[in-house]
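Thanks for coming, everyone. I have a short tour to give. Please look at the screen.

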Amino acid sequence: MSQRSIFLLSSSRVHGHEFLEHAKEQLIDFLSKRNVKTVLFVPYAQKDHNKYTELVDKTLSPWGYQIEGLHTKPNPIQAVLQAEALFIGGGNTFVLLKALYDQNLISIIRERVLQKGVPYVGSSAGTNVATLSIHTTNDMPVALPPTYDALRLVPFNINPHYLDPDASTLHKGETRDERINEFIDYHQLPVLGLREGTALLVEGDKATLVGDRNAKLFLPNKLPVEFAPKADLSFLLNRS
C-alpha cells in the first residue's frame, strides 16, 4: 500500500489573486515532490466542462503541467486508472457527486488514492467529495446523487469557504456555525471549517493546515477549536 497524498483547498479563488494563484507555491511543491507531469482534471462540478478545463489548463500549463480533461476520455474508469494525479475542481457538490456515481468512479478513485498513492487535489466541491459525505457543503441541491456518501479519503467532514459569524449584521438567519453544529447534532462527526486561502495537506498519516489563516474545528459536545497555519491535524485521521 502506497502513502496517500491529498491536498484539499477551501477554494480556487481568493480575493486579490488570480485563479489558484494563492496556492501556487504549495501546489507546485505537492505535485513536483511526486514527479507529476500530467494531471487528470475532473470538471464535473460545473456545467461547461470544456470551459472549466481550459481555465485550469491556462493556469497550470505555465507552471509546467499538462492538463487532461476527464470528460474528453472515452473510458473514464481507464483514464483514472492511468492517471498520474487527479484534480477535482469546484462548482456544485451535488452535481459533482452524482456524476462520479453515474460514471462508476467512486470506488476506483478511492482505491487509486488510498491504495496506490495517486496524488489527489480537491478544491471546494472537490474537497467536499474527498470527505466522508457532502452534508457540509454550502451548495444548493440542484442534482440528486444516489447517496450523500462521498469518496471517504479522510474520515471527517470539511466545510470549505467557512465564514465566521458577523456580530454586526442585521441578518437574523442561521449562521454557518449553527448549520455545522446542526449536522454534528445528528451525525456526531467532526467538521473542519476551512477559511478562504487555507488548505489541508495529507501525507500518509500526517495532516497539516496550510495557508495564512486559521481553521476552525467543530466537534461533538465540545466548543469549536481554532488551529493556526502549519498546525498538525493528524489526530483527525485516526478516526475509524
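I will start with the whole protein and then visit some strands and single residues.

First, a caution: this is a predicted model.

Let's take the overall build. The protein has 7 helices and 11 strands. Its radius of gyration is 17 Å, close to the 18 Å that the globule rule gives for 240 residues, so the protein is as compact as a globular protein of that length. Along the principal axes, the C-alpha atoms fill a box of roughly 50 × 40 × 35 Å.

How much of the protein is buried? Of the 240 residues, 53% count as buried. On the outside, the protein exposes about 11800 Å². Carbon and sulfur atoms supply 49% of that area.

Now contacts. Take those with a separation of 6 or more: residues 24 or more positions apart account for 68% of them.

And charges. There are 25 positive and 26 negative ones, and their mean positions are 3 Å apart.

Next stop, strand β2, residues 38-42. Is this strand buried or exposed? 5 of its 5 residues are buried, so β2 is largely enclosed by the rest of the structure. Look at both faces. On one side sit Thr38, Leu40 and Val42; on the other, Val39 and Phe41. Both faces are covered. Which strand does β2 run parallel to? That is β3, residues 66-69, joined to β2 by 4 bridges. Find Val39 in β2 again. Opposite Val39 stands Ile67 in β3.

Staying with strands, go to Ser123 in β5, which spans residues 120-123. Ser123 is buried, with a relative accessible area of 0%. What does Ser123 touch, leaving aside neighbours within four places in sequence? Its contacts are Leu9, Ser11 and Ser12, then Phe87, Ile88, Gly89 and Gly90.

Now a hairpin. Strands β8, residues 198-203, and β9, residues 206-211, pair in the antiparallel sense over 6 bridges. One pair to pick out: Val202 has Ala207 in β9 as its bridge partner. Between the two strands there are 2 residues. Gly204 in this hairpin takes a positive phi near 65 degrees.

Keep Gly204 in view, and bring in Gln3. Where is Gln3? It sits in the segment before β1, residues 5-9. Setting aside residues up to four places away in sequence, Gln3 touches Gly117, Glu203 and Gly204. So much for its contacts. For a distance, take Ser107: Gln3 and Ser107 are 104 residues apart in sequence, and 18 Å apart in space, C-alpha to C-alpha.

Last topic: backbone angles. Most residues other than glycine have a negative phi. Here are two residues to set against that.

One is Arg152. Its phi is positive, about 60 degrees, although Arg152 is not a glycine. Find Arg152 in the loop between α6 (125-128) and β6 (157-159). Arg152 is partly exposed, with a relative accessible area of 39%.

The other is Lys230. This residue is not a glycine either, and has a positive phi of about 75 degrees. Lys230 lies in the segment after β11, residues 225-227. Is Lys230 buried or exposed? Exposed, with a relative accessible area of 74%.

To recap with two spots: β2 has 5 of its 5 residues buried, and Lys230 is exposed. Thank you.

Notes: Residues numbered from 1 in each chain as written. Predicted model: local features only at pLDDT ≥ 70, side-chain atom pairs only at ≥ 80, totals over all residues. Heavy atoms only, no water. Rg over C-alpha atoms; globule rule 2.2 N^0.38 Å. Buried < 20%, exposed > 50% of the residue type's maximum accessible area, 1.4 Å probe, protein only. Contact = heavy atoms within 4.5 Å. Areas by Shrake-Rupley, 256 points an atom, 1.4 Å probe, with all protein chains shown as cover. Lys, Arg positive; Asp, Glu negative; His and termini not counted. Charge placed at Lys NZ, Arg CZ, Asp CG, Glu CD. Pairing = 2+ DSSP bridges.
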